[in-house]
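Open the model in your viewer and keep the selection tool at hand. We will go stop by stop, and each stop says what to select.

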Amino acid sequence: MPVGRVVGEFIIDDIVEGTPSEIWEKTKESAGIDQIDYLEYFYEKDKGYAISISNPILYDEPKLLKEISKNINVAPQSFRYIY
């Protein structure tokens with residue numbers, strides 16, 4: 001836990017589903033990972049997912065969860081919509 005705060009936000013545009021090689025072909029130009037690390041991550045996996053994002057916002061100062069929503073006290077283990 002390098003920061004322990006929310007450092008930014010983004011919009012999820014699309015969820016890409018497929019075999020690791022199908023996903024690599026669709027995302028390799030913008031995946032943010034090299035092919036060796038990617039293949040290691042998906043080693044012996046038949047299926048995977050990638051999240052296409054837009055409108056990233058990096059906060060000037062990281063925020064505590066309670067600054068974003070009074071309904072969230074601990075970090076979610078997967079994800080949670082915050083409205």
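**Stop 1: a residue on β1**

Select F10. This residue sits in strand β1. Buried or exposed, or partly exposed: which is F10? F10 has a relative accessibility of 47%, so it counts as partly exposed. Keep in mind that you are looking at a predicted model.

**Stop 2: the patch around F10**

Now add I12, I15, Y49, I51 and I53 to F10: these residues form a nonpolar patch on the surface. Together they have about 600 Å² of accessible area. Which strands supply the patch? Both β1 (6–18) and β2 (48–63) do, with at least two residues each.

**Stop 3: the whole chain**

Zoom out and colour by secondary structure. The protein chain has three helices and two strands. Follow the chain from the N terminus, and the elements run β-α-α-β-α. There are 83 residues in the chain, and buried ones make up 18% of them. The chain exposes about 7400 Å². Carbon and sulfur atoms supply 52% of that area. Next, consider contacts between residues at least 6 apart in sequence: 69% of them join residues at least 24 apart.

**Stop 4: helix α1**

Select residues 20–27, which are helix α1. Which of its residues are buried? They are P20, I23, W24 and T27. These buried residues cover an arc of only 105° around the axis, so they lie on the same side of α1. Here is a general rule to recall: an α-helix has 3.6 residues a turn, so residues three or four places apart point the same way.

Show the neighbours of that buried side. Its cover includes β1, α2 (35–41) and β2. Then rotate to the face turned away from the buried side. There you find the exposed residues E25 and K26.

**Stop 5: the core**

Select V16, I23, W24, Y38, F42 and A50. These six residues make up the largest nonpolar core. In soluble globular proteins, nonpolar side chains tend to be buried together.

Now pick F42 alone. What does F42 touch, leaving out residues up to four places away in sequence? The contacts are P20, K47, G48 and Y49.

**Stop 6: the salt bridges**

How many salt bridges does a search of the whole structure find? It finds two.

For one of them, select K47 and E17. Their closest N and O atoms are 2.7 Å apart. This pair links distant parts of the chain, 30 residues apart: K47 is in the loop between α2 and β2, and E17 is in strand β1. K47 has a relative accessible area of 46%, so it is partly exposed. E17 is partly exposed too, at 44% relative accessibility.

For the other, select K28 and E25. In this salt bridge the closest N and O atoms are 3.1 Å apart. With a relative accessible area of 34%, K28 is partly exposed. You met E25 on α1, on the face turned away from the buried side.

**Stop 7: two backbone angles**

Select E44, in the loop between α2 and β2. Its phi is near 60°, a positive value in a residue other than glycine. E44 is exposed, because its relative accessible area is 66%.

Finish at N55, in strand β2. Phi of N55 is near 50°, again positive in a residue other than glycine.

Definitions and conventions:
Residues are numbered from 1 along each chain as its sequence is written. This is a predicted model: local features need pLDDT of at least 70, side-chain atom pairs count only at pLDDT 80 or more; totals for chains, interfaces and linings use all residues. Side-chain values use heavy atoms; hydrogens and water are left out. A nonpolar core is a set of buried Ala, Val, Leu, Ile, Met, Phe, Trp, Tyr and Cys residues joined through side-chain atoms within 4.5 Å. Buried means under 20% relative accessible area, exposed over 50%, partly exposed in between (1.4 Å probe, protein chains only). Contact means heavy atoms within 4.5 Å. Patches are made of residues with over 30% relative accessible area and no salt bridge: like charges are joined within 9 Å, nonpolar side chains (Val, Leu, Ile, Met, Phe, Trp, Tyr) within 5 Å. Accessible areas come from the Shrake-Rupley method with a 1.4 Å probe; for residues, only the protein chains shown count as cover. A salt bridge is a side-chain nitrogen of Lys or Arg within 4 Å of a carboxyl oxygen of Asp or Glu. Helices (H or I, at least four residues) and strands (E, at least two) are DSSP runs, numbered from the N terminus. The arc is that of the directions from the helix axis to the C-beta atoms.
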